[in-house]
Amino acid sequence: MTPAAPDYWQGGGGGVGGASGMGLEDDGFYGASPGTSRSYDWRQIEPVIVEDILNHAEEIAVAEGGPAGEVTLLRLLKAYETVLQRHGITPEEDTNYYRFLLKLSLDPDPNWWVKYERERTRLKSKGGGGGGGGGGGG
């Protein structure tokens, strides 16, 4: 017999749902994660910061001898720490950007720009809002 999943996986309190197994609540919060009542608040995420993270992760890939499109989660998290500090955000105190990037990592597409645009589109279609900002990368 398989043990029952915890409540946060059952969709209670902003939980999880939808075809991908992850849901967006109408209040702009994405799903829930273990130990928290909410994951990330899209309204608190500035697209320019996410785009800076993606651009810097591509720079790291090139600096490490790979092509710009070879962004891994490890490179992305290195870029995350650097970029947040540039924007005056302490990475240790951040939850929204970190969880947003982890959400993107669940998308199997290897292109992080595609993952990002797909999530932005999904959130906008659900009324999640989010700031403006351009595209980028390639």
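This passage describes the contacts made by aromatic rings in a predicted model.

A search of the whole structure identified three aromatic pairs. One of these joins Y80 and Y98, whose rings are tilted relative to each other, with a centre-to-centre distance of 5.8 Å and an angle of 55 degrees between the planes. Because Y80 belongs to helix 3 (residues 73-86) and Y98 to helix 4 (residues 96-105), this pair ties together parts that are 18 residues apart in sequence. The two tyrosines are not equally accessible: Y80 has a relative accessibility of 4% and therefore counts as buried, given that the cut-off for a buried residue is under 20%, whereas Y98, with a relative accessible area of 35%, is partly exposed.

A further pair is formed by F100 and Y116, which meet edge-to-face, their ring centres 6.3 Å apart and their planes at 90 degrees. Since F100 is located in helix 4 and Y116 in helix 5 (residues 112-125), the contact ties together parts separated by 16 residues in sequence. Both of its members, F100 and Y116, are buried. The rings of F100 and Y116 are moreover linked with that of W113 into a cluster through ring pairs. Helix 4 thus contributes Y98 to the pair with Y80 of helix 3, and F100 to the pair with Y116 of helix 5.

Apart from the ring pairs, a contact between a charge and a ring was also found, in which the charged end of K115 sits over the ring of W112, at 4.0 Å from the centre of that ring.

Technical notes. Residues are numbered from 1 along each chain as its sequence is written. This is a predicted model: local features need pLDDT of at least 70, side-chain atom pairs count only at pLDDT 80 or more; totals for chains, interfaces and linings use all residues. Side-chain values use heavy atoms; hydrogens and water are left out. Rings of Phe, Tyr and Trp (its six-membered ring) pair if their centres lie within 6.5 Å; planes under 30 degrees apart count as stacked, over 60 as edge-to-face and the rest as tilted. Helices (H or I, at least four residues) and strands (E, at least two) are DSSP runs, numbered from the N terminus. Buried means under 20% relative accessible area, exposed over 50%, partly exposed in between (1.4 Å probe, protein chains only). A charge sits over a ring if NZ of Lys or CZ of Arg is within 6 Å of the ring centre and within 35 degrees of the ring normal.
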